Amino acid sequence: MNTQHTDDVGSYIAEAYSATWHVTGLPEDVTRRPIRSVGVIGAGTMGGGIAMNFASAGIPVTIVETTQDALDRGLSVVRGNYQRSADKGRFSQAEVDARMARFDGRLTMDSLANCDLIIEAVFEDMELKRRIFTDLDRLAKPGAILATNTSALDIDEIAAMTKRPADVIGLHFFSPANVMKLLEIVRARHTSDDVVATCMALARGIDKIASLVGVCPGFVGNRIHFARKKQAYKLLYKGVMPWEADAALTKFGFKMGLFRASDLAGLDIGWQKGAVTEYPVRDALCELGRRGQKTGAGFYDYDDARNAVPSELAAEVIRDVTGAEPSGMGADEILETLIFPMINEAVKILEENKAQRASDIDVIWLNGYGWPADKGGPMYYADTVGAAAVLDRMEALGAEDAEFEAAETLRRLARDGGRFVDLDFGGLKV
């Protein structure tokens, strides 16, 4: 691969970070809504982490769960997170108590009636979210911002459950939400300017890096991730083992490969016993009780220190499901098969006006997905390898699966020249 950088990567990233805060077309004098209190629905890993951001910034949080046990468990995890920070000297014991005092744990949604901002952080189930927003429309005070933390679902459909769709927005935090810097702010079809302006300002106030994106499956970050994930599983059918794919990604600069990350998150996310999904290898591993690091086995085997070891049993399962023979595919080809579809999908996102600018995509991947900083982000990296190389790989992958057909703009760049980072289709449109 040609890795000649077109610009200084450090300067590019700095400019990208500055640009992501600018919302094109948003009036400078738009009035922001006051956010003096926040409600969070769900005290699990995500809900508790989201709530911590606001409590740490001095904003009172009402956090709602369905049972006392779940509420107590969630608040205990929050306190434990704060206590570990205090034990490391990051702040005092008094600060732990002060932050916890900003939490008000409740068991009814009506407790959120006076909150200025309410964030739903429940399971990724559309019917559940529709019911919640129907309730929020009834109980939330006029002018309250109603936000969903969905990572992929249609926010326009969620907003349609209310009589106030202008108040509805996506606030997609990344897990662990109290640690990860990225916040995808998702503007739905009817989201008002003042709601957008308020949420962008609020992101700064809770020390996040925000990027405004549009509604589409997976938004920007996960949509690109899904393209990479699908190709990673396709590699298994070509005889590539998980550790070979992961090795290519870690050599590129990711701290962890995709399959190890899946083990860490839990292979049973989105799976139930007996289920048949689009990932039959994953299904087969789960049926054997190999559900990731938490069970000591997934794609990898794990020792007592949670060190990952390539698993012969997993390899047998993969061979049985796929029927594939060892591929002998080189690391460069593996990497192109994983990275170039990300670039192609990013171009399609820009063509569809679901991101404000190319550099926003790089900010998202640098801060939410561990993209190596020295590679600048998918768009910046695309300019270092060139459109022709990306197109060659995408034409091969598109011939196998029409979902990965090369973007028309990719073809144009390969034919006529131009830079990925300069692509401009008029910004975000809803």
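S37 touches I59, P60, N114, C115, D116 and L117, when residues up to four places away in sequence are not counted. In this predicted model, S37 sits in the loop between α1 (9-20) and β1 (38-41), and its relative accessible area of 18% makes S37 a buried residue, given that buried means under 20%. The points below turn from this loop residue to the sheet, to the helices α2 and α3, and finally to a residue in helix α13.

**The sheet**

- The strands form an open sheet of 8 strands with mixed pairing, and their order across the sheet is β3-β2-β1-β4-β5-β6-β7-β8.
- The edges of this sheet are taken by β3 (103-106) and β8 (209-214), each of which pairs on one side only.
- Between neighbouring strands of the sheet, the average turn is 25°, with direction ignored.
- Within the sheet order, β6 is followed by β7; strand β6 (residues 168-173) pairs with strand β7 (residues 182-187) in the antiparallel sense, over 4 bridges.
- In this pairing, H172 stands opposite E184, the latter belonging to β7.

**Helix α3 on the sheet, and its crossing with α2**

- Helix α3 (residues 68-87) packs on the sheet, where α3 touches β2 (61-64) and the edge strand β3, and the direction of α3 makes about 160° with that of β3.
- Helix α3 also meets helix α2 (residues 45-56), the axes of the two helices coming within 10 Å and crossing at roughly 55°.
- The crossing angle is roughly 55°, and α2 and α3 are therefore oblique to each other.
- As to handedness, α2 passes α3 in a right-handed crossing.
- On the α2 side the residues involved are G48, M52, A55 and S56, and these meet V78, N81 and Y82 in α3.
- Sorted by class, this contact of α2 with α3 has 4 nonpolar and 3 polar residues, while no charged residues are counted in it.

**T337 in helix α13**

- T337 is found in helix α13, which spans residues 331-351.
- With a relative accessible area of 2%, T337 is buried, the cut-off for that term being under 20%.
- Once the neighbours within four places in sequence are left aside, the residues in contact with T337 are Q231, L235, R393 and L397.
- Both residues examined singly here are thus buried, S37 in its loop at 18% and T337 in its helix at 2%.

Definitions and conventions:
Residues are numbered from 1 along each chain as its sequence is written. This is a predicted model: local features need pLDDT of at least 70, side-chain atom pairs count only at pLDDT 80 or more; totals for chains, interfaces and linings use all residues. Side-chain values use heavy atoms; hydrogens and water are left out. Two strands pair if DSSP finds at least two bridges between them. Axes are lines fitted to C-alpha atoms, for helices over the stretch in contact, and angles run from 0 to 180 degrees between N-to-C directions. Contact means heavy atoms within 4.5 Å. Buried means under 20% relative accessible area, exposed over 50%, partly exposed in between (1.4 Å probe, protein chains only). Angles under 35 degrees count as roughly parallel, over 145 as roughly antiparallel, 65 to 115 as roughly perpendicular and the rest as oblique. A crossing is left-handed if the near helix is turned anticlockwise from the far one by less than a right angle, and right-handed if clockwise. Ala, Val, Leu, Ile, Met, Phe, Trp, Tyr, Cys and Pro count as nonpolar, Asp, Glu, Lys and Arg as charged, and the others, Gly among them, as polar.
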